[in-house]
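Here are my notes on this one, as numbered points. Have the model open while you read.

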Amino acid sequence: MTAAGVTAACAPGDAPEAEAEIVPTSVLFTGATVIDGSGEASFAADVAVEGDRITFVGDAAESEAAPATRDTIALDGLLLTPGFIDMHSHISVISVGEAYGLSAVEFLTQGITTGVIGVDGSSSTDLAALYADLEASGVGKNLVSYIGHGSVRGTVMGMDDRAPTAGELDEMRALVRKGMEDGAFGLSTGLFYTPGYYAEADEVIELGRVAAEYPIGGEHAPVYDTHDRDLGAAYQGIGYHNSIREAIHIGAESGLRTIFSHFNAQGAALYGRAAEGAAIIDSARAEGIEVAGAQHVYTSTMSSLRAYTIPRWAQAGGPEQMVRRFANPDTARILDVQTMEMLEIRGGPEKIVFADARPEFNGKTLADVAAERGLPVPEAVREIMSESNPWVMNRDLYDVENTRYLATMPWMMTCTDGATPAPGAEIVHPRVYGTFPKKIRDFVDRDGAIGLPFAIRGMSGLAADFLRLDDRGYIREGLVADIAVIDLDRFTDRATYDDPHQLSEGVVHLLVNGRFAIRDDALTGELAGRPLRRP
């Protein structure tokens, strides 16, 4: 692993051996149907790109300002939009020399040109080194990162279930400060996960105040991005409503602007109740607090087996301490009960599906694996967890009606919550391949819950506004040429739970920083993305 701990995303060998000469883009798209990211209705226009900038939007035949270009592409009414911004994603990092996923093809074929990483409280604690690695190797999409509270806490305190000492808090402040000085856009937390779970709100507020010392562009408050403590399926949690209120409190007290990661209501007990959580956010916004959310539109979540089956008290101290507890008969008896209670909240062991490259797990349910081992489910969990912590999906944890309702919120953005699957993993979450077209197909085309300009805004302009990326997110002269050209008749997700490794279709052209990542439906292999540091 590199000093930065990069997990990039592409097949081995995708990183370029030597940097080829980059010929500046000079192209005029004619006859486009433009949705510009503002939420306004579409309009017909020609769009010119020179280098990495949009230089003209209008009627080229009628305008003296239209630039001369070397290349003209007739779109004949195809949709032209800003490149999409994935507000919550992951990078799988091994050394760049062996990297898979640097090309980001799973994201590019959805129209995504920028992804937000360092989420769920997990990030590199040396963003300067991470960015240097990515700039040296190249990467398919632009990347924005937060500094992760869980990574900071883990570096200083390990997996201790206690408050930090004054000295430890100062060490954590220093790591947050370094992350912000390296270019982070704010602080992220994963208070559902360990070690973030062990932190009280006051600890996070103290670190958030450090992040707030580094405004975006010198004037805009940075971001507090949170996988909050309890989306409704947390074991012995604080409750869905209290969790939302806690997150808003942390952001407001820190001086940060809050966004809820993959915001939804989890578990059958909260089916049909998303409006309750949305109302809390709307109330805060009415008071002048900037709060937003991002969503993916699948009903399954994905995390680790440990997060879904082992109570947080049993994880304290780290994996070795956890396994020692497993060996204690009295503790094992408690876990027999509590593991099943955790699973009951999530629909039972039949709803936990392994997304792990190892054939003894991949695609099987937890109930299947326990039966194969001839063990009760809690004992099978402990046996598996004594060796590793596999990735799993929790099927049907979200309700389609909740998801549809939340898609109509004016503050809702879109995210994949996806990372390029590791080589050999046959069954993975399809969201990494299909989230953005699926949202349009399901909620625009199929049931009309939202209009297309509204959906595109949540995927582009609204996200750019929230991140204070003032040079992208819209089709406007002078902005960076992150541009998607889409054939709406063909724009669809193809990935399914049973057959997930299927790229989306319908993105005809895609420019990242003015360079073609997709041209005439074909991936070009360009690694045109770059890390975006906080301005």
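What is the strand order in the open sheet of six strands?

1. The order is β9-β10-β11-β12-β13-β17, and the pairing is parallel. The edges are β9 (147-148) and β17 (412-414), each pairing on one side only. For the terms: strands are DSSP E runs of at least two residues, helices are H or I runs of at least four, both numbered from the N terminus, and a pair needs at least two DSSP bridges.

2. A caution on the source: this is a predicted model, with local features needing pLDDT of at least 70 and side-chain atom pairs counted only at pLDDT 80 or more, while totals for chains, interfaces and linings use all residues. Residues are numbered from 1 along each chain as its sequence is written, and side-chain values use heavy atoms, leaving out hydrogens and water.

3. At the β9 edge, two bridges link β9 to β10 (residues 186-190) in the parallel sense. I147 has L187 in β10 as its bridge partner.

4. Now the largest nonpolar core (buried Ala, Val, Leu, Ile, Met, Phe, Trp, Tyr and Cys joined through side-chain atoms within 4.5 Å; buried means under 20% relative accessible area, 1.4 Å probe, protein chains only). It holds 70 residues, with M87, V176, I259, F263, W411 and M413 making the most contacts inside it. Helix α5 (residues 201-211) gives the largest share, six residues. Another core, of 32 residues, lies apart from it and includes Y433 and I450.

5. Look also at the β2 (residues 43-50) and β3 (residues 53-58) hairpin: five bridges, antiparallel. V47 sits opposite V57, and G51 has a positive phi near 65°.

Notes: Buried means under 20% relative accessible area, exposed over 50%, partly exposed in between (1.4 Å probe, protein chains only).
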